[in-house]
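The following exercises ask the reader to work from a sequence and its structure towards a description of strands, helices and charged pairs. Each task is followed by a solution in steps.

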Amino acid sequence: MIFQFAFAEVFIPSQEYVGYYDYEGVYTVGGNVKNQNDFALIPTISITVIDGENTFTKTITHVTIPPRTDIPFKIKLPEITSDTPILLEPKLKFAKTEKDPLSITILYDKTLIKHDDGHVTGRIINNGNQTIFNPKVLAIANGHEKMLDVVSNIEHIEKIEPGEIKEFSMYPDPSITEDIFYYSCFAPVDSTVIPVSTKKNGGDFDFRYDSGAWYSAAKFNEEGTTLTMRGYNSYPLETYANFEFPQISGKEKFNVTLNDKPVHFIQSIDDMGFWHVAFTVGPTSQGILKITGFEKGLPPITSKIPQWIKTNANWWSTDQISDSEFLEGIAFLFEKGIISVPSKEITVQSNWKIPSWVKTASLWWSEDKISDDDYLNIIENLVKRKIILV
């Protein structure tokens, strides 16, 4: 990645940048990032609000924006409490990246409808040849003269297969429903997870969530075993929440309550070794969410590469698995964005014989004789030169 300051081709138009108090009284900032370059980028947006005698700044890393594309963003600042907060111009930086555009398209036909109560329904289609998991749709809700809100689909779309069509519905914040004139800048994205950091046992505990609801004021108890947050869903429809936590012992067994009443949830673990706690959020609901079952202490420092890939490298270096089985693990690194190479071909096997020294490097890596970054650089270089294809 190449980190740069934004310039004329990457910007947030002033007429598409707004701050307001939402239905629950939480100060909310929404905007639209325009990328007019011929390359994809990941923007970092710094938002500053003067609140009486205090100044608050919050920085977010947005999703990847493909070339010649707009993608809205939205962030909440519960710290803001004055009657007349002053929203300053945003500051924008970006990292140039290589990523294929998402193959999801909004269907601009008679099924895309703005209803009398201000909400909108529509459909998306996957025009690509790969399944896309957890897609979301973002859009800008506009009044007669200015942007009012940034909205996203309420329902959780687990996946969309090639050629498949999925329905979606969006609701604006109830505080501005009557003022909505039209919607614009519909943008399908594959990730809008919200990062959160809070104190735990003397250190920082970082986690993320994806939800149609909003959560704030995350706090652990003194023992570091119970996490509480304030959450609310202002929409008249059921939505979802999916929290992603790093492992501490790997033996965590969670429990979830809302206002001290049990919540039915699913606990699972993903390919990267993160815990997921997912549950349904009722319509127009709010309260104190409590998640118990955390281990004391902080997560150990772990590699960004799953352990099973390192194990595969060891087995391949000692001829216990085939080239194609080894390359399936390398393909996983590309799918998760751990390695990025432009215009790579997708296949399960190599058209070239993998050099024998790569097995030696794989063995050294599996035995921690070379670093993760050194090994990733080796693989990336081989793919760039098309010596191996994944």
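A salt bridge is a side-chain nitrogen of Lys or Arg within 4 Å of a carboxyl oxygen of Asp or Glu. The model is predicted, so local features need pLDDT of at least 70 and side-chain atom pairs count only at pLDDT 80 or more, whereas totals for chains, interfaces and linings use all residues. Residues are numbered from 1 along each chain as its sequence is written, and side-chain values use heavy atoms, with hydrogens and water left out.

**Exercise 1. Salt bridges**

Task: Describe the salt bridge between Asp-38 and Arg-68, and state where each partner lies.

Solution.
Step 1. The side chains of Asp-38 and Arg-68 form a salt bridge, with 3.1 Å from N to O.
Step 2. Asp-38 belongs to the loop between strand E4 (27-35) and strand E5 (40-51), while Arg-68 belongs to the loop between strand E6 (54-61) and strand E7 (69-77); the pair, 30 residues apart, thus links distant parts of the chain. Helices (H or I, at least four residues) and strands (E, at least two) are DSSP runs, numbered from the N terminus.
Step 3. Accessibility is then read for each partner: buried means under 20% relative accessible area, exposed over 50%, and partly exposed in between (1.4 Å probe, protein chains only). Asp-38 has 62% relative accessibility and counts as exposed; Arg-68, at 55%, is exposed.
Step 4. In total, the structure holds 18 salt bridges.

**Exercise 2. A strand and its partners**

Task: Determine how strand E12 (residues 120-126) is placed and which strands pair with it.

Solution.
Step 1. Six of the seven residues of E12 are buried, so this strand is largely enclosed by the rest of the structure.
Step 2. Two strands pair if DSSP finds at least two bridges between them. Strand E10 (residues 104-106) runs antiparallel to E12 and is joined to E12 by three bridges; Thr-105 stands opposite Ile-125 of E12.
Step 3. Strand E11 (residues 113-114) is also antiparallel to E12, with two bridges, and Lys-114 has Val-120 of E12 as its bridge partner. E11 and E12 form a hairpin with five residues between them, and Gly-118 in the turn has a positive phi of about 95°.
Step 4. Six bridges join E12 to strand E17 (residues 165-170) in the antiparallel sense. Here Arg-123 has Glu-167 of E17 as its bridge partner.

**Exercise 3. A sheet and a charged pair**

Task: Give the strand order of the open sheet of five strands, and follow Lys-290 within E28.

Solution.
Step 1. The order is E21-E22-E28-E24-E25, with antiparallel pairing.
Step 2. Strand E21 (214-220) and strand E25 (261-262) stand at the edges with a single partner strand each, so one side of each has no neighbour in the sheet.
Step 3. Strand E24 (residues 255-258) pairs with strand E28 (residues 285-292) over four antiparallel bridges, and Thr-257 stands opposite Lys-290 in E28.
Step 4. The side chain of Lys-290 also meets that of Asp-260 in a salt bridge (3.5 Å, N to O). Asp-260 lies in the loop between E24 and E25, Lys-290 in strand E28, and the two are 30 residues apart.
Step 5. Asp-260 is exposed, at 60% relative accessible area, whereas Lys-290 is partly exposed, at 28%.

**Exercise 4. Helix packing**

Task: Which residues of helix H3 (residues 356-366) are buried, and against which helices do they pack?

Solution.
Step 1. The buried residues are Val-358, Ala-361, Ser-362, Trp-365 and Ser-366.
Step 2. Viewed down the axis of H3, these residues fall within an arc of 135° (taken from the directions from the helix axis to the C-beta atoms), so they line one face of the helix.
Step 3. An α-helix has 3.6 residues a turn, so residues three or four places apart point the same way.
Step 4. The buried residues of H3 pack against helix H1 (307-317), helix H2 (323-335) and helix H4 (372-384), where contact means heavy atoms within 4.5 Å.
Step 5. After H3 comes Asp-368, with a positive phi near 60°.
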